[in-house]
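Please open the model in your viewer and keep the selection tool at hand, since this tour goes from one selection to the next and describes what is found at each stop.

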Amino acid sequence: MKTAIVIGQGLVGACVALALQRAGLSVTIIDAGDEKAAASFGNAGHLAIEQTSPLASRANVLSLHRRIFTRGGPAGFPLRDISAWLPFGLKLLGATGAARFARGQHAMQSLLGQAIPAWQRLAARVQATHLIRTDGHWVVWESAASAQLGYSAWQAANTGAATIAMASASDLAALRAGFGAQPVAAARFTGTGQVVDLQALRQALQTAFLVAGGTLKHGRVRDAAQDVTMQDGAVYRADTIVVTAGIGASQILKRKFGSIALIAERGYHIEAAMDARSATPQGLPVVFEDRNIILAPFASSLRLSGFTEFSNASSPPDERKWQKLQMHAHALGLPIPAKHDRWIGSRPTLPDYLPAIGRHPQVRSLFYAFGHNHLGVTLAATTGELMAALVQNSVPSIDLTPFDLKRFQ
Ligand SMILES: Cc1cc2nc3c(=O)[nH]c(=O)nc-3n(C[C@H](O)[C@H](O)[C@H](O)COP(=O)(O)OP(=O)(O)OC[C@H]3O[C@@H](n4cnc5c(N)ncnc54)[C@H](O)[C@@H]3O)c2cc1C
């Protein structure tokens, strides 16, 4: 039996490991073991197939001045982390040309087009179909002007297989009743989805992996090439090695790929433990566009998330961002008490906002899947399926060339 090591047990690693197991490999996952630090722990659980446009776009660059944190927006560029975000930013600028953006959007559309069916297939295999909902989400606005701008921007956008329509009067009334009358207009996406309980899903994936004979080791990997070298010097061998370590991937792959411009695009959340499925109309996630936040009504918590802070993963958190989330929660009348859980974590982001899914050009046993930025939950199951095809040398269901790391060379 061929063997594989998967480095990283976030949602991407968990899905890759299960897909390789299903392809007949004997799989070991190695993870650093701090599960709450992973982006897969603290995200909003939104299956965001509507986001086909890479965020590395001219429009986003030109409007950035309006979205800076110090001017009330979500985007933070802490001066202490300039050595991380300046080179990243310059590469991002290089990725915003019209032709490259169009190629990226086409690539993301094919990837996102498979995302929800892939989750449904995987959820059925791990007895977790009840954890994946596919009945859309709300977007709300708090002024007539922002509603007009926001709604027409979504109508003009390429939203792939998802569609948007203005909310009915009764739905808007329910949203206003739920959120201190703040929304003045709302729209409903259909075709998008949500994970009902993230930690239950992670547990279901892990249980299925272990029951099928998988091995889980805890430890920090230093380097991956033909072998996996741990921080403590231990070396592990396998026929296939896949690096799915989120923000940790660039360090692990440095020797074989050189410097990879992966940045920690950090997000924050506050949450209260509760069954929150009735905290929003129809239990759907709500995006408050004017506030740049998303409210996730999970089965075990109510979570309010936001911010994109371009930084080093290990830099100290910015207290003001949690305070701001608390202010939003208060203004919207959310049942998040003064004493709540706070979290910060790193979206693993590459300058063109496409993930990296591929194989080393010379070390043919070395594969990678990371850099899923804002879409790692959405894309985890489909990434697993694509990686299994790559490893087995069969033709993947979509063209993976746009996701190859050689695009940055
Ligand atoms: C606030 C916020 C909200 C978000 N909301 C959404 C959303 O609604 N929908 C969506 O699709 N995406 C969302 N995302 C993005 C999503 O969370 C990430 O893209 C996704 O979780 C990345 O998954 P991953 O498995 O690649 O990385 P991670 O979840 O970070 O997992 C990486 C794993 O690798 C391990 N690791 C790292 N380095 C090493 C090492 N050296 N040795 C061993 N193990 C290592 C870590 O321990 C970790 O377990 C959000 C992100 C944030 C921050």
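A residue is called buried when its relative accessible area is under 20%, and exposed when that area is over 50%, with partly exposed in between. R266 has a relative accessible area of 2%, so R266 is buried. Please keep in mind throughout that this is a predicted model.

**Stop 1: R266 and its partner**

Keep R266 selected and add E309, because these two residues form a salt bridge whose closest N and O atoms are 2.6 Å apart, and E309, at 0% relative accessibility, counts as buried. The pair links distant parts of the chain, with R266 in strand 15 and E309 in strand 18, 43 residues apart.

Now select R303 and E271, whose side chains meet in a salt bridge with an N to O distance of 2.9 Å. R303 belongs to strand 18 and E271 to strand 15, so this pair ties together parts that are 32 residues apart in sequence, and both R303 and E271 are buried. To see a network, select R266, E309, D318, R320 and K321 together, which are joined by salt bridges that share partners.

**Stop 2: a salt bridge with a partly exposed end**

The structure holds 16 salt bridges, and another one to visit is that of R100 with D352, where the closest N and O atoms are 3.5 Å apart. R100 lies in helix 5 (residues 98-113), while D352 lies in the loop between strand 19 (341-349) and strand 20 (356-359), 252 residues apart from it in the chain. Is each partner buried or partly exposed? R100 is partly exposed, with a relative accessible area of 27%, whereas D352 is buried, with a value of 6%.

**Stop 3: aromatic rings**

Side chains with rings come next. A pair of aromatic rings is described by the distance of the centres and the angle of the planes. The count of aromatic pairs in this model comes to eleven. Select F88 and F310: their ring centres are 5.9 Å apart and their planes stand at 35 degrees, so the pair is tilted. This pair, too, links distant parts of the chain, since F88 is in helix 4 and F310 in strand 18 (residues 301-311), 222 residues apart, and both F88 and F310 are buried.

Then move to Y268 and W322, an aromatic pair that is edge-to-face, with 5.3 Å from centre to centre and 75 degrees between the planes. Y268 is found in strand 15 (residues 263-273) and W322 in helix 11 (residues 319-331), so the pair ties together parts that are 54 residues apart in sequence. Both Y268 and W322 are buried. Adding F69 and F307 to this selection shows one aromatic cluster, formed by F69, Y268, F307 and W322.

**Stop 4: a nonpolar patch on the surface**

Switch to a surface view and select V61, L79, I82, L86, L90 and L93, which make a nonpolar surface patch of about 550 Å². Helix 4 (residues 82-94) gives the largest share of the patch, four residues. L90 lies in helix 4, and with a relative accessible area of 56% L90 is exposed.

**Stop 5: strands 1, 2 and 10**

Return to a cartoon view and select strand 1 (residues 3-7) with strand 2, which pair in the parallel sense over five bridges. Within this pairing, I5 stands opposite T28 in strand 2. Between the two strands the chain passes through helix 1 (residues 11-22), and this β-α-β crossover is right-handed.

Why is strand 2 (residues 26-31) described as largely enclosed by the rest of the structure? Five of its six residues are buried, so the description follows from that count. Next add strand 10 (residues 215-218), which pairs with strand 2 in the parallel sense over four bridges; T215 in strand 10 is the bridge partner of T28.

**Stop 6: an open sheet of three strands**

For the last stop, select strands 3, 9 and 5, which in the order 3-9-5 form an open sheet with antiparallel pairing. Strand 3 (46-47) and strand 5 (132-133) are the edge strands, each pairing on one side only. Two bridges join strand 5 to strand 9 (residues 193-195), and to find a point of contact you can select I132, whose bridge partner in strand 9 is V195.

Conventions. Residues are numbered from 1 along each chain as its sequence is written. This is a predicted model: local features need pLDDT of at least 70, side-chain atom pairs count only at pLDDT 80 or more; totals for chains, interfaces and linings use all residues. Side-chain values use heavy atoms; hydrogens and water are left out. Buried means under 20% relative accessible area, exposed over 50%, partly exposed in between (1.4 Å probe, protein chains only). Two strands pair if DSSP finds at least two bridges between them. A crossover is right-handed if, with the strands pointing away from the viewer, the path from the first strand over the helix to the second runs clockwise. Patches are made of residues with over 30% relative accessible area and no salt bridge: like charges are joined within 9 Å, nonpolar side chains (Val, Leu, Ile, Met, Phe, Trp, Tyr) within 5 Å. Accessible areas come from the Shrake-Rupley method with a 1.4 Å probe; for residues, only the protein chains shown count as cover. A salt bridge is a side-chain nitrogen of Lys or Arg within 4 Å of a carboxyl oxygen of Asp or Glu. Rings of Phe, Tyr and Trp (its six-membered ring) pair if their centres lie within 6.5 Å; planes under 30 degrees apart count as stacked, over 60 as edge-to-face and the rest as tilted.
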